[in-house]
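Let's take a walk through this one together, starting on the outside and working inward. Have the 3D view open as you read.

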Amino acid sequence: MSTNTTTDETTSEVPFSRRDDEEVLTLTEVALILKTPVNTLRWWRRQGIGPTYFKLGRRLMTTVGDLRQFMREQRLNSRRLI
């Protein structure tokens with residue numbers, strides 16, 4: 001059984017800008033994308049900050065679309081302060 005590695009891409013290899021809005025991300029993946037510690041994301045969630053999360057079983061998840069929305073809101077809010 002042969003696999004073609006040139007066309008097989010894992011989720012982490014696909015650039016964030018090319019990911020589908022409905023793709024589900026774990027807390028660890030969000031931390032890597034935002035370059036923020038997982039514990040900071042957990043703290044933000046307790047404070048009502050950060051992307052919208054949902055539970056899938058016992059794991060916290062979000063979607064690429066929700067993460068993009070959060071990033072866009074942060075960018076727009078920071079412009080108001082300048």
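**From the surface to a buried alanine**

Start with Leu56, which is exposed, its relative accessible area being 51%. The cut-off for that label is over 50%, so Leu56 counts as exposed. Keep in mind that you are looking at a predicted model.

Where does Leu56 sit? You'll find Leu56 in strand β2, which covers residues 54-56. Leu56 also has company on the outside: together with Val24 and Phe54, Leu56 makes up a nonpolar surface patch. The accessible area of these three residues together comes to about 240 Å².

Now shift your view to Lys55, another resident of strand β2. Lys55 has a relative accessible area of 56%, so Lys55 is exposed. Which residues gather with Lys55 in a patch of positive charge? They are Arg45, Arg46 and Arg58, and the patch lies on the surface. So strand β2 holds Leu56 from the nonpolar patch and Lys55 from the positive one.

Next, head over to helix α1, made of residues 27-34, and pick out Ala31 there. Is Ala31 buried or exposed? Ala31 has just 9% relative accessibility, so Ala31 goes down as buried; the limit for that is under 20%.

What does Ala31 touch, leaving aside residues up to four places away in sequence? The list is Thr36, Pro37, Val38 and Leu41. Take Leu41 from that list: Leu41 and Ala31 are 10 residues apart along the chain, and 7.2 Å separates their C-alpha atoms.

Definitions and conventions: Residues are numbered from 1 along each chain as its sequence is written. This is a predicted model: local features need pLDDT of at least 70, side-chain atom pairs count only at pLDDT 80 or more; totals for chains, interfaces and linings use all residues. Side-chain values use heavy atoms; hydrogens and water are left out. Helices (H or I, at least four residues) and strands (E, at least two) are DSSP runs, numbered from the N terminus. Buried means under 20% relative accessible area, exposed over 50%, partly exposed in between (1.4 Å probe, protein chains only). Contact means heavy atoms within 4.5 Å. Patches are made of residues with over 30% relative accessible area and no salt bridge: like charges are joined within 9 Å, nonpolar side chains (Val, Leu, Ile, Met, Phe, Trp, Tyr) within 5 Å. Accessible areas come from the Shrake-Rupley method with a 1.4 Å probe; for residues, only the protein chains shown count as cover. A salt bridge is a side-chain nitrogen of Lys or Arg within 4 Å of a carboxyl oxygen of Asp or Glu. Lys and Arg count as positive and Asp and Glu as negative; His and the chain ends are not counted. The place of a charge is taken as NZ of Lys, CZ of Arg, CG of Asp or CD of Glu.
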